[in-house]
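Subject: Structure for your review

Dear colleague,

Please find below the structure that I am handing over to you. I would be grateful if you could keep it open while reading the notes that follow it.

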Amino acid sequence: MKLSLAFLFSTVFALCFAAGQSKPGSAVGQNSAVSTQSQDQQISNGPVAEYVSDSNCTIGWSSRVSGTMTLRYGTDPAKMTQTKEAVASNDGRNHHVRLDGLTPDTRYYFRVVNAGEAISGVGTFQTVAAGEPPIKSKAVIPQ
């Protein structure tokens, strides 16, 4: 019995350690993007897909600096050619973008840009199938 518990503990520990070794800047599940250290940590929360339907998505984030933020997005992470300017809150640090005209049941990739420089990692979300209810989320999945 003690040997079984010791094996179970060491297995769980190894899995937790391996999960913590994922590559920084990689896409972390649906609805989030992770910044790398080299991007000056301008984003303090998010970006996260807060609302996803079959044809639109709202992405939000908070930044440590104010400025005109833009979201680059597309269906290929290497070719995010579509852009949309973010709407900022009164303090200029909370930002939202609503993407319209999206294709149902399709994976999209996105990245936040400030003054032409990427300030977030690449995030991802998938639109729901036509006729399915929208997804609402405000949780960022930690890396």
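In what order do the elements of the chain run from the N terminus on? The order is α-β-β-β-β-β-β-β-β-β-β. Please note that this is a predicted model. In total, the chain has one helix and 10 strands.

The chain as a whole

The chain contains 143 residues, of which 37% are buried. Its exposed area is about 8,400 Å², and 56% of this area is supplied by carbon and sulfur atoms. I also looked at contacts between residues at least 6 apart in sequence: 61% of these join residues that are at least 24 apart.

The salt bridge

How many salt bridges does the structure hold? There is one. As general background, side chains of opposite charge can pair when their charged atoms come close. Here the partners are Asp100 and Arg98, and their closest N and O atoms are 2.7 Å apart. This pair counts as a salt bridge because the separation of 2.7 Å falls within the cut-off of 4 Å. Are the two partners buried or exposed? Each lies in between: Asp100 is partly exposed, with a relative accessible area of 42%, and Arg98 is partly exposed at 43% relative accessibility.

Backbone features

Three places in the backbone deserve your attention when you go through the model. For background, most residues other than glycine have a negative phi, and most peptide bonds are trans.

- Gly46 and Pro47 are joined by a cis peptide bond, with omega at about 0°. Pro47 belongs to strand 1, which covers residues 43-52.
- Asp105 is a residue other than glycine with a positive phi, near 55°. To find Asp105, look in the loop between strand 6 (94-99) and strand 7 (107-114).
- Ala115 likewise has a positive phi near 55° and is not a glycine. Ala115 sits in the loop between strand 7 and strand 8 (117-118).

Why does Ala115 count as exposed? Its relative accessibility is 75%, and Ala115 is therefore exposed, since the cut-off for that class is over 50%.

When you work through the model, you may wish to begin with the order of the elements, one helix followed by the strands. You could then turn to the salt bridge between Asp100 and Arg98, and after that to the cis peptide bond between Gly46 and Pro47.

Yours sincerely,

A colleague

Methods: Residues are numbered from 1 along each chain as its sequence is written. This is a predicted model: local features need pLDDT of at least 70, side-chain atom pairs count only at pLDDT 80 or more; totals for chains, interfaces and linings use all residues. Side-chain values use heavy atoms; hydrogens and water are left out. A salt bridge is a side-chain nitrogen of Lys or Arg within 4 Å of a carboxyl oxygen of Asp or Glu. Buried means under 20% relative accessible area, exposed over 50%, partly exposed in between (1.4 Å probe, protein chains only). Helices (H or I, at least four residues) and strands (E, at least two) are DSSP runs, numbered from the N terminus. Contact means heavy atoms within 4.5 Å. Accessible areas come from the Shrake-Rupley method with a 1.4 Å probe; for residues, only the protein chains shown count as cover.
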